[in-house]
Amino acid sequence: MLSIDRSIVEAIVAHARRDHPDEACGVVAGPAGSDTPTRHIPMDNAARSMTFYEFDSMEQLRVWREMDDRDEEPVVIYHSHTATEAYPSRTDVSFAGEPGAHYLLVSTRDADTEEIRSFRIVDGVVTEEPVRIRDAGVDPHAVQSYMFGQSPAEVDYECSGR
């Protein structure tokens, strides 16, 4: 299960909306070994594409070195899908190189809602996981969990609180 602060989710969605119609991408770093996403790092989509994302190699090198220096690791790797559901494409799966990371996808195909889903991708196997969104200053037991792909019902999720 991915447990993540609401402010980070809102920053990811804002990044996805800002870069739309191109896919947005980035990382959320956290202390090594903690599985706790704490620092949002938006990155440039070097592909500048509506259907594909690619980290700029020099930016990725700089960000990964910075995480190393801070004793952090990539807890979440995120990107947006601009015209399709938030589910990893074959290309996404083939490029998933961090087996310990949560792969968070945001669909911006609908201007009024955001579909947010998280996956583990290990050796080409995609496993959806629930997303627990935490509110700072709120009782940690009063959280909401979302899991989209396992329900036959249609789900509209608005993380922006509109």
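Good morning. I begin with the contacts in this chain: of those with a separation of 6 or more, 60% are between residues 24 or more positions apart. Please bear in mind throughout that we are looking at a predicted model.

Let me set out the overall composition. The chain has 162 residues, and 41% of them are buried. It contains 3 helices and 9 strands. Read from the N terminus, the elements follow the order β-α-β-β-α-β-α-β-β-β-β-β.

I turn now to the main sheet. In which order do its strands stand? The order is E3-E2-E4-E5-E6-E7, an open sheet of 6 strands with mixed pairing. The edges are taken by strand E3, residues 39-43, and strand E7, residues 125-129; each has a single partner strand, so one side of each lacks a neighbour in the sheet. On average, neighbouring strands of this sheet are turned by 30° against each other, direction ignored.

Within this sheet, I would draw attention to one pairing. Strand E4, residues 72-81, and strand E5, residues 102-107, run parallel and are joined by 6 bridges. As a point of reference on the screen, Ile77 stands opposite Tyr103 in E5.

Two helices should be described against these strands. Helix H1, residues 6-19, lies across strand E2 (25-31), E3, E4, E5 and strand E6 (115-122). Its direction is at about 10° to E3. Helix H2, residues 57-69, lies across E2, E3 and E4, and runs at about 165° to E3.

There is a further pairing to report, that of E1 and E8. Strand E1, residues 2-5, runs parallel to E8, and 4 bridges join the two. Here Ser3 stands opposite Arg132 in E8. In a regular strand, side chains alternate between the two faces of the sheet. What does strand E8 show on its covered and uncovered faces? In E8, residues 131-134, Val131 and Ile133 make up the covered face, while Arg132 and Arg134 make up the uncovered one.

Let me return to the edge strand E7, where Glu128 is placed. Is Glu128 buried or exposed? With a relative accessible area of 12%, Glu128 is below the 20% cut-off and therefore counts as buried. Its C-alpha atom is separated by 7.5 Å from that of Arg117, and the two residues are 11 residues apart along the chain.

Next, the loops. In the loop between H1 and E2 we find Pro21. The peptide bond that joins His20 and Pro21 is cis, with omega about 20°.

Both of these residues reappear when we consider Thr82, which is found in the loop between E4 and helix H3, residues 90-95. Thr82 has 10% relative accessibility and so counts as buried, the limit being under 20%. Which residues does Thr82 contact, beyond its neighbours within four places in sequence? They are His20, Pro21, Asp22, Glu23, Met50, Thr108 and Arg109. One of these, Asp22, is 60 residues from Thr82 along the chain, yet their C-alpha atoms are separated by 6.9 Å.

Two other loop residues deserve a remark on backbone geometry. Arg48, in the loop between E3 and H2, has phi near 45°, a positive value in a residue other than glycine. Asp71, in the loop between H2 and E4, likewise is not a glycine and has a positive phi, of about 55°. As to accessibility, Arg48 has a relative accessible area of 59%, and because the threshold is over 50%, Arg48 is exposed. Asp71 is also exposed, with a relative accessible area of 55%.

Finally, the interior space. How many cavities of 30 Å³ or more are counted? The count comes to 1. About 30 Å³ of space lies in the largest cavity. Its lining consists of Tyr53, His79, Pro88, Asp92, Tyr103, Leu105 and Ile121. By class, that lining has 5 nonpolar residues, 1 polar and 1 charged. Among the lining residues is Tyr103, which we met earlier opposite Ile77 in the pairing of E4 and E5.

That concludes my presentation. Thank you for your attention.

Notes
Residues are numbered from 1 along each chain as its sequence is written. This is a predicted model: local features need pLDDT of at least 70, side-chain atom pairs count only at pLDDT 80 or more; totals for chains, interfaces and linings use all residues. Side-chain values use heavy atoms; hydrogens and water are left out. Buried means under 20% relative accessible area, exposed over 50%, partly exposed in between (1.4 Å probe, protein chains only). Two strands pair if DSSP finds at least two bridges between them. Axes are lines fitted to C-alpha atoms, for helices over the stretch in contact, and angles run from 0 to 180 degrees between N-to-C directions. Contact means heavy atoms within 4.5 Å. On a 1 Å grid over the protein atoms alone, a cavity is a set of points where a 1.4 Å probe fits but cannot get out, and a pocket is an open set with protein on both sides within 12 Å along at least five of seven lines; lining residues have an atom within 4 Å of a point. Grid points are joined across faces, edges and corners, and a volume is the space filled by probe spheres set on the points. Ala, Val, Leu, Ile, Met, Phe, Trp, Tyr, Cys and Pro count as nonpolar, Asp, Glu, Lys and Arg as charged, and the others, Gly among them, as polar.
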